[in-house]
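Q: Please take a close look at the strand pairing in the model shown below. Please also describe the individual residues that help to place it, and the confidence that the predictor attaches to it.

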Amino acid sequence: TSLTIKGTFNLNDMRHIQIMNNLHKLDLSQATCGTFCLNPYRDTIINKSITEVVLPDCSNCDLSYCLALQKVVIAGENTSLFYDEVFCPNVSEFEVAEGVTNNTSIAQTGWSASLLRKITYPSTLTSIHPELAPHSSFTQESLTQYVYMWTFVLPYDVIICKATTPPTVDDSKFVYYTDYDAYVDKKSGTRLMYKLKIPSNLVLYVPAESIELYKSAPIWENFTNILPYTE
């Protein structure tokens with residue numbers, strides 16, 4: 001029901017794992033690979049057993065076509081995660097493992113992550129992506145002829161951040177790279193910024209001694225429900 005892999009593995013190894021019909025938890029945190037696909041068979045053999053996966057430190061981790069998958073743990077500094085909730089419909093929880101200092105890249109097709117309910121960040125985290133992880137939807141707002149604001153809606157019920165010092169959030173202006181000229185003010189050079197929409201029922205749990213720090217830290221200060229975290 002549980003398997004931990006150490007060392008190098010490849011696509012053929014993952015194909016073999018797919019026929020282990022009683023496997024529920026797969027830990028790849030101590031393994032290395034190139035481009036990673038949890039289910040190489042994709043829609044020809046949909047995985048219906050794996051409920052939790054701990055991802056290795058590698059780029060382009062594809063989790064699609066894993067029907068039972070509920071929890072994803074990211075154990076690497078450079079992990080780049082891709083999933084499509086249409087083909088991976090039951091993922092409700094993300095966790096960044098202890099020891100990781102920088103937030104990883106999480107992406108999903110359709111910019112939809114509406115089923116996500118909980119994300120946990122470790123005590124070792126020092127910096128985080130401006131989106132604070134996947135978002136459920138986004139809207140575009142025109143500010144000037146050339147400048148737009150993207151509003152991202154967080155889908156969670158709970159965010160847990162165990163770091164006593166609020167991780168820095170890169171809230172710098174950014175460019176929507178697929179259409180550079182359309183999203184840059186050609187006169188002022190002003191670029192886009194993320195605008196987070198945080199639901200009023202979303203609860204941010206942080207160390208009790210750090211609550212006031214989070215209330216005054218950039219980005220984190222936008223959370224209205226900040227409560228003490230205990231194990």
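A: A polar contact is a pair of N or O atoms within 3.5 Å; within protein, one must be able to donate a hydrogen and the other to accept it, and residues adjacent in sequence count only if both atoms are side-chain atoms. One such contact, of 2.9 Å, links the side chain of serine 64 to that of aspartate 62. The model is predicted, so that local features need pLDDT of at least 70 and side-chain atom pairs count only at pLDDT 80 or more, whereas totals for chains, interfaces and linings use all residues. Residues are numbered from 1 along each chain as its sequence is written, and side-chain values use heavy atoms, with hydrogens and water left out.

The secondary structure of the chain amounts to two helices and 18 strands (DSSP runs numbered from the N terminus: H or I of at least four residues for helices, E of at least two for strands). Nine strands make up an open sheet with parallel pairing, in the order E1-E2-E4-E6-E8-E10-E14-E17-E18; two strands pair if DSSP finds at least two bridges between them. At its edges are strand E1 (2-8) and strand E18 (226-229), each of which pairs on one side only. The average turn between neighbouring strands of this sheet is 15°, direction ignored (the axes are lines fitted to C-alpha atoms, for helices over the stretch in contact, and angles between N-to-C directions run from 0 to 180 degrees).

Within the sheet, strand E8 (residues 93-96) runs parallel to strand E10 (residues 118-121), and three bridges join them. Glutamate 95 faces threonine 120 of E10. Glutamate 93 also belongs to E8. With a relative accessibility of 19%, glutamate 93 counts as buried (buried is under 20% relative accessible area, exposed over 50%, and partly exposed in between, with a 1.4 Å probe and protein chains only). Beyond its neighbours within four places in sequence, glutamate 93 is in contact with Gln70, Lys71, Val72, Leu116 and Lys118, where contact means heavy atoms within 4.5 Å.

Strand E14 (residues 158-161) pairs with E17 through three parallel bridges, and isoleucine 159 has leucine 204 as its bridge partner in E17. On to the edge strand, E17 and E18 share four bridges in the parallel sense, with proline 207 opposite tyrosine 229 in E18. Between these two strands the chain passes through helix H2 (residues 211-216), giving a right-handed β-α-β crossover; with the strands pointing away from the viewer, the path from the first strand over the helix to the second then runs clockwise. Strand E17 (residues 203-207) is mostly covered, as four of its five residues are buried.

Serine 64 sits in the loop between strand E5 (61-62) and strand E6 (71-74). Serine 64 is classed as buried because its relative accessible area is 1%. Its C-alpha lies 9.3 Å from that of asparagine 47, at a separation of 17 residues in sequence.

As to confidence, the chain has a mean pLDDT of 80, and 72% of its residues reach 70 or more; pLDDT is the predictor's confidence in each residue, from 0 to 100. Confidence in the chain is highest in E17, at 97, and lowest in strand E9 (residues 105-108), at a mean of 58. Over residues 173-181 pLDDT stays under 50, and the model has 17 contacts for them beyond four places in sequence.
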